[in-house]
Amino acid sequence: MALLQTENLSFRYPGAEKAALQGVSLSIEAGSFTVVCGPSGCGKTTLLRLFKPELAPAGEQTGRILFAGEPAASARPGAIGFVQQNPDSQIVTDKVWHELAFGLENLGLPVETIRRRVGETASFFGIQGWFRQKTDELSGGQKQLLNLAAVLMMQPRLLILDEPTSQLDPIAAADFIAALQKINRELGLTVLLAEHRLEEVFPIADRVAVLQEGRLLLHEPPRAVAPKLLSISPDHPMLHALPSAVRVWRHLAAGGACPLTVREGRRFLEERYAGVALPPPPVEAPPAGACALDVKNVWFRYEKESPDVLRGLSLRVTRGEMLCLLGGNGAGKTTALQIMAGLDRPVRGKVLLHGRELKTYRGGALYRHNLALLPQNPQTVFVKDTLRADLNEMLAAMETPPAERAGRMEQMAKELGIAHLLAAHPYDLSGGEQQKAALAKVLLSDPTVLLLDEPTKGIDAFAKRGLSELLRALTRRGMTVVAVTHDVEFAAEAADRCAFLFDGEILSVEPPRNFFAENNFYTTAANRMARGLWKTAVTCEQVAACCRAAEERL
Amino acid sequence: MKAFAGLHPAVTMTYFVLLLTVCMFLPHPVLQGQALVCGALTCALLCRRGAARDVGFYLPLFLLVAVTNPLFSHNGVTPLFFLNGNPVTLEALLYGLSLAAMVVGVLLWCKAYNEVMTSDKFLYLFGAVTPKLSLVLSMALRFLPAYRRQARRVSRAQKAMGLYAGSSMVCRVKNRLRVLAAMVTWSLENAMETAASMKARGYGSGKRRTHFSLFRFRPADGAFFAALLLLAAAPLAAAAAGALNFTYYPRLSQLQTTPAAWVAYAAYGLFLLLPAMWEAKEALVWRCCKRKI
């Protein structure tokens, strides 16, 4: 039976020329796990919010939304649970237990009932360990799990989540998805999830809905998605966002059942190409050239008594290379970047930029045409009401003559593809647009070394590819880029070299193919599928190329 | 001090309110002395680590207040010596000591209050009176640290872009203002999402909100409550009956030694020791339990 049904749903924001949604007819079965995906701005968020009457945006709506056969607006409060993207801003109160109780307090339930349900929910989600803590002290993953638990306290029949893992690191994201799967499997709760990181959710979904420019492109079981997309257009942009196994499969145009997981992808490759040896790929030479940034035996801790975060970190970054600094949570990646940016001073050791120690750059000289840092949250970069004002401010600070400013800004905006956004408020942009805008502002200082903190956080596959190409273009022009990231797929595609940071020191620095070939766990999904056959195939394209070479030898 | 802090907030709150009332409105040397000594003891038990550092703050404060009064007040009939032609009197000196005991005593008990009455307890009590305001306070407590952290992030991000360049006063004030402007936008943006999250969980659905808390009123709380009421009643009743009158000027009055006064002293002493005794009782129970295991 369909729990949620839309009939020919269209929606237009007030004052907008184009409709945000056009004729969407969708039917969600009770107990199913549905993933909604599509490029940024395709109308995912609008669609999901329309399902939740309390959050429905204002605008012109036609068509019907039925929840359990009735108009959705008449559902009891809490019957539809909604989890948003940002883990922080959804939390209302200061204590974990209070946050859990908040929804039931609103419904006016007796204290004893609340006590019981709070206890039950906390044990189901394994919250009891941090039950009495302040919400402010939790990690991002814990916060998002708390948001989920707090919504489930209301005993919803339908759970809607709008990109809930986009702000989490991969491990916390996988835990969160596992919790969702548990709820769906064990409680039979209907889950409707919008997501752009599809690697984990795609295989566990019952149905995948793809939206494109406000229209429902398809609504199919996951295995049928790639073939359908291929039949619509052989180079459909959505194909790049699918899990690695699917991407490898479609590169081969092999037909047959489409593999979804690493395990299936591995079997798929081994059945076809077992025993086909390929000549090893040409060895990637480490980039040669002068040293742009030299980190020498740096030790750092935040408080006098606290443990060391960095323990003798040494790293030489060559001019014109793109280096990705990888590592788990708490390995000291962000700290290392802050030290390279001169925001924190090392306790011992030193950092040299173009052969000069950082602390000898005085009076802001360090940040003028030398070094720039793009922080993790691009919002922290903007302080003005429009993007144009923000960029102008940067140009003024860099003492660009007023006559040249407009031209310089236009050129930068065109290069990054944000020319149409200059009049917008920076907070109104989407995640990917915000990232580009922040990058534009940072690049206006004309740095020789660019430091990036988690540049792929919260942006979708298309924006990620764009970013990757942009960084390539920058390094080709001689800029040096150091990016701290969790995202192994991004590092494999974009980096000239990858460095692995663990427990405050660098354990290995190598070009990506060698780097990931030597790792067993910490590597890309494509590499995990193919490493039994071809160890140095790291990206989906490389695996596909290996497959094609193997076909010729068969 | 786990046991005392674990009591029901209403009990601990009543205790501190009564105690501070007596401290501030019954200026009697015996009571003040008791409050000072027991306050120091309770504070030492509550925060063992910082105790040594606190002596360095409270002792000079005590001396300062005690010495200031006789230097400026020349009331009293028993001059001890003359300073710049002004008499320093015994009465003024003793009044200074009494004042110092009261100030430091109240401060010490306020410190104990701070240690025991955490924000959630205060909110709980407050919530019983006005649930709306209590929710607002809880949200504020959640918001402030988040705000501080974001402000720090913004100012560091600005610095790393070279926008915090100048180090002059004007530059710094200007930069503060820039960050503040960004923070206003951030707060509003955040508030929208928080509001959405609240609405999504039934806030403002028209039902009367319940006020949930983790605190329970247990028999032990009842016992402590009864004890504290009984013990506090004695000095208050004695004071009301005029059995605890004491004046410093122009000459010291006699300290009362009537049975009523003795009862009041003893009861107040016990009252002040309640937290320490409660702790000792718990420690004893714990030790017995352990031995049985």
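**Notebook: chain B domains and two helix neighbourhoods**

I began with chain B, where the C-alpha centres of domain 1 and domain 2 lie 44 Å apart. The domain assignment gives 2-121 + 216-292 as domain 1 and 142-200 as domain 2; such bounds come from an automatic or database assignment.

A reminder to myself: this is a predicted model, with pLDDT of at least 70 needed for local features and 80 or more for side-chain atom pairs, while totals for chains, interfaces and linings use all residues. Residues are numbered from 1 along each chain as written, chains are lettered from A in the order written, and side-chain values use heavy atoms, without hydrogens and water.

Next I looked at α7(B) (131-159) and α8(B) (169-200), whose axes come within 10 Å and cross at roughly 140 degrees. I take helices as DSSP runs of H or I, at least four residues, numbered from the N terminus. The pair is therefore oblique (neither under 35, over 145, nor 65 to 115 degrees). In contact (heavy atoms within 4.5 Å), residues including B:F143 and B:Y147 of α7(B) meet residues of α8(B), among them B:M183 and B:W186.

Then I turned to chain A. How much of helix α8(A), residues 244-252, is buried? I found 8 of its 9 residues buried (under 20% relative accessible area, 1.4 Å probe, protein chains only), including A:R247, A:W249 and A:R250. The cover over the buried residues includes α6, α7, α9, α15, α17 and α18 of chain A. Just after α8(A) I noted A:A253, with a positive phi near 45 degrees.

Technical notes: Axes are lines fitted to C-alpha atoms, for helices over the stretch in contact, and angles run from 0 to 180 degrees between N-to-C directions. Helices (H or I, at least four residues) and strands (E, at least two) are DSSP runs, numbered from the N terminus. Buried means under 20% relative accessible area, exposed over 50%, partly exposed in between (1.4 Å probe, protein chains only).
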